[in-house]
Amino acid sequence: TYPMLRDATQRTFFELAGDSIKNFRKSENIAELTNGSEIIFRSADGPERLRGVNLSWWFGDEAALYLHDVWRIMLGRLRQFGVRGYAWIATTPKGRNWVWQEFIERNRAEYHIFKVRTDDNPYLSDDFKQGLKEAYQGDFARQELEGDFIAFEGLIYPEFRRDVHVVSEVHERYNYYVAGVDWGYANRGVILV
């Protein structure tokens, strides 16, 4: 969302960019750099509104919080000057969502993952890190502190494992099939056979 963009990503960008910023057009959310480049800041809460621009590169912050469509649409924007551009994201894993599917499950050779644990961050004090270790427990700690893609605690079926419980082919030896339906009032619906 725009408040998250303003409060996190832009704030860090301005701290790091310093004298490299020539001008910031707040009404357009565009930073002009001293080398002639422009940084266009946009929210990912409406993926279709990201279409149209031609970019050399794209960075998505907190990627696990937005829809997979954002990634797919932004890949099509990386075409400035007719040259394929670059994309990268940063995020805390949020279960087995689109980030896990795209970067772990599909395991594409052109994608690279850099896993960084909270302990690896040299900008955090040891006291802060220790406080988090004491406050976080279980799967939440593994996700937040270790950067692991995990299934959250409290799932209806915590024993679920994709490699064991998901098949992509129909087994002819079965006499009948049973389908379970979750209508998805809060999240997307699913039918499991």
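This report walks through some local features of the structure above, which is a predicted model.

**The three-stranded sheet**

Let's start with the sheet. It is open and built from three strands in the order 1-2-3, with antiparallel pairing. Strand 1 (21-25) and strand 3 (38-40) sit at the edges, each pairing on one side only. From one strand to the next, the twist averages 15 degrees. If you're new to sheets, here's the background: strands pair through backbone hydrogen bonds, and the pairing can be parallel or antiparallel.

Now zoom in on one pairing. Strand 2 (residues 30-33) runs antiparallel to strand 3, and three bridges join the two. Which residue of strand 3 is the bridge partner of E32? That would be E38.

The sheet also has a helix lying against it. Helix 1 (residues 2-17) packs on the sheet and touches strand 1, strand 2 and strand 3. The direction of helix 1 makes about 155 degrees with that of strand 1.

A good residue to click on here is N23, which belongs to strand 1. Once you set aside neighbours within four places in sequence, N23 is in contact with I30, A31 and E32. N23 and L33 are ten residues apart along the chain, and their C-alpha atoms are separated by 6.9 Å. Is N23 buried, exposed or partly exposed? Its relative accessible area is 33%, so N23 counts as partly exposed, because that value falls between the 20% and 50% cut-offs.

**Helix 5 and what it leans on**

Next, have a look at helix 5 (residues 138-146). Its buried residues are D139, A141, Q143 and L145. What do they pack against? The answer is helix 4 (126-135). Right after helix 5 comes G147, which has a positive phi near 75 degrees.

**Two unusual backbone angles**

Most residues other than glycine have a negative phi. With that in mind, two residues are worth a look. F81 is not a glycine, yet its phi is positive, about 60 degrees. N107 isn't a glycine either, and its phi is also positive, about 50 degrees. Where are they? F81 sits in the loop between helix 2 (68-75) and strand 5, while N107 sits in the loop between helix 3 and helix 4.

**Loop residues, inside and out**

N97 is another loop residue, found between strand 5 (86-90) and helix 3 (98-105). Not counting residues up to four places away in sequence, N97 touches A64 and F149. Y174 is in a loop too, this one between helix 6 (162-165) and strand 6 (180-182).

How much of each loop residue can be reached from outside? The table sets out the values.

| Residue | Relative accessibility | Class |
|---|---|---|
| N97 | 16% | buried |
| Y174 | 41% | partly exposed |
| N107 | 61% | exposed |
| F81 | 72% | exposed |

N97 counts as buried because its 16% is under the 20% cut-off. F81, at 72%, is exposed because that value is over 50%.

**A nonpolar patch on the surface**

Y174 brings us to the last stop. Together with Y177, V181, W183, Y185, I191 and V193, Y174 makes a nonpolar surface patch of about 930 Å². Try highlighting those residues in the structure to see where the patch lies.

Terms used
Residues numbered from 1 in each chain as written. Predicted model: local features only at pLDDT ≥ 70, side-chain atom pairs only at ≥ 80, totals over all residues. Heavy atoms only, no water. Patch = residues over 30% accessible without salt bridge, like charges linked within 9 Å, V, L, I, M, F, W, Y side chains within 5 Å. Areas by Shrake-Rupley, 256 points an atom, 1.4 Å probe, with all protein chains shown as cover. Salt bridge = Lys/Arg side-chain N within 4 Å of Asp/Glu carboxyl O. Helix = DSSP H or I, 4+ residues; strand = E, 2+ residues; numbered from the N terminus. Buried < 20%, exposed > 50% of the residue type's maximum accessible area, 1.4 Å probe, protein only. Contact = heavy atoms within 4.5 Å. Pairing = 2+ DSSP bridges. Axes fitted to C-alpha atoms, helices over the stretch in contact; angles between N-to-C directions.
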